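Me: Please take one position in this structure and look at it closely. Then work outwards from there to whatever surrounds it.

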Amino acid sequence: EYAAIAVSQIGVGSSCGRVLLGYISDYVGRLRMFRFVLFATVVVCAGWYLSETKATITTFAFFFGFTSGGFIALVFPVLADYWGGKRLGGIAGYIAVSLVPGSYLGPFFAGYSFDRRGDYDIAIWMSAACIFLAACLLLGMHVPSEIVDDDVHQQQEIDSQRALGAAVTGAAVAPIDENTDNMEEFI
């Protein structure tokens with residue numbers, strides 16, 4: 001019964017983290033919030049290590065869910081900020097696959113560690129160390145100055161090429177009307 005309560009707290013915390021941290025990221029920046037979420041998860045892992053009572057384990061479970069929910073809410077928007085929407089599906093696939101080794105091997109490692117030592121201390125600290133490394137790597141990333149929008153960038157490139165062509169030929173550049181099929185009107 002108690003384990004079910006703790007696991008449900010992860011779900012409640014995740015729901016709260018997705019909404020609240022996603023909302024706050026709209027104001028402070030997605031990458032900044034993503035960094036915060038990862039460093040907060042390291043602190044939460046330390047809380048896990050220190051949890052000994054039902055109340056502290058339940059509290060840990062909520063905050064672990066909260067930071068995990070923040071990760072879920074922010075990882076794909078951060079990817080979109082850097083690589084744009086058109087490539088997001090493929091990049092998201094690579095990110096999802098990169099999570100598989102840890103998700104697959106982690107439980108085996110934690111079980112092996114528990115069988116050998118009688119506790120999860122090594123598994124907890126290895127998790128915290130991996131998350132800390134990821135957070136530190138994010139510190140090296142710059143905050144995008146503007147959101148990547150492939151359609152906008154593509155149109156800007158087309159406009160630049162048209163302007164360059166007009167400058168070279170001396171021709172006037174008229175905007176392209178997307179609703180017009182006959183491009184001869186603009187020449």
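Reply: Start at S113, which sits in helix α5. Bear in mind that the model is predicted. Is S113 buried or exposed? Its relative accessible area is 5%. The cut-off for buried is under 20%, so S113 counts as buried. Now its contacts. Set aside residues up to four places away in sequence, and S113 touches G118, D119, I122 and A123.

Next, the pocket. The largest one has a volume of about 1400 Å³. Its lining holds 39 residues, and those closest to the centre are F71, L99, S127, C130 and I131. Which elements give two or more residues to that lining? They are α2 (30–50), α3 (54–83), α4 (88–98), α5 (100–117) and α6 (121–139). The helix of S113 is therefore one of these contributors, since α5 holds that residue and α5 is on the list. The top contributor is α3, which supplies 11 residues. What is the chemical make-up of the lining? It has 31 nonpolar residues and 8 polar ones. None is charged.

Move on to α6, another contributor to the lining. A135 lies in this helix. Its relative accessible area is 0%, and A135 is buried. Leave out neighbours within four places in sequence, and A135 is in contact with L38 and F39. A link across the chain shows up here too. A135 and V42 are 93 residues apart in sequence, yet their C-alpha atoms are 9.1 Å apart in space.

That leads to α2, which also gives residues to the pocket lining. How do α2 and α1 pack? Two packed helices are described by the angle between their axes and the distance between the axes. Here α1 covers residues 2–28. The angle between α1 and α2 is about 130°, and their axes are 7 Å apart. That angle makes α1 oblique to α2. Which residues meet at this contact? From α1 come L21, I24, S25, D26 and V28. From α2 come R30, R32, M33 and V37. By class, the contact comprises 5 nonpolar, 1 polar and 3 charged residues. Set that beside the pocket lining, which has no charged residue.

A3 is also in α1. A3 is exposed, at 53% relative accessible area. The cut-off for exposed is over 50%, so A3 passes it. Its C-alpha atom is separated by 9.4 Å from that of K54, and the two residues are 51 apart along the chain.

Now α3, the top contributor to the pocket lining. F76 has its place in this helix. Its relative accessibility is 34%, and F76 counts as partly exposed. Not counting residues up to four places away in sequence, F76 touches L88 and A92. The C-alpha atoms of F76 and R30 are separated by 9.9 Å, with their positions 46 residues apart along the chain. R30 has appeared already, among the α2 residues that meet α1.

Last, the whole protein. It has 7 helices and 0 strands. Read along the sequence, the pattern is α-α-α-α-α-α-α. How many of its 187 residues count as buried? The share is 26%. S113 is buried, and A135 is buried. Contacts over long stretches of sequence are counted as well. Take contacts between residues at least 6 apart in sequence: 71% of them join residues at least 24 apart.

Key: Residues numbered from 1 in each chain as written. Predicted model: local features only at pLDDT ≥ 70, side-chain atom pairs only at ≥ 80, totals over all residues. Heavy atoms only, no water. 1 Å grid on protein atoms, 1.4 Å probe; cavity = no way out; pocket = protein on both sides within 12 Å on 5 of 7 lines; lining within 4 Å. Points joined across faces, edges and corners; volume = space filled by probe spheres on them. Helix = DSSP H or I, 4+ residues; strand = E, 2+ residues; numbered from the N terminus. Nonpolar A, V, L, I, M, F, W, Y, C, P; charged D, E, K, R; others polar. Axes fitted to C-alpha atoms, helices over the stretch in contact; angles between N-to-C directions. Parallel < 35°, antiparallel > 145°, perpendicular 65-115°, else oblique. Contact = heavy atoms within 4.5 Å. Buried < 20%, exposed > 50% of the residue type's maximum accessible area, 1.4 Å probe, protein only.
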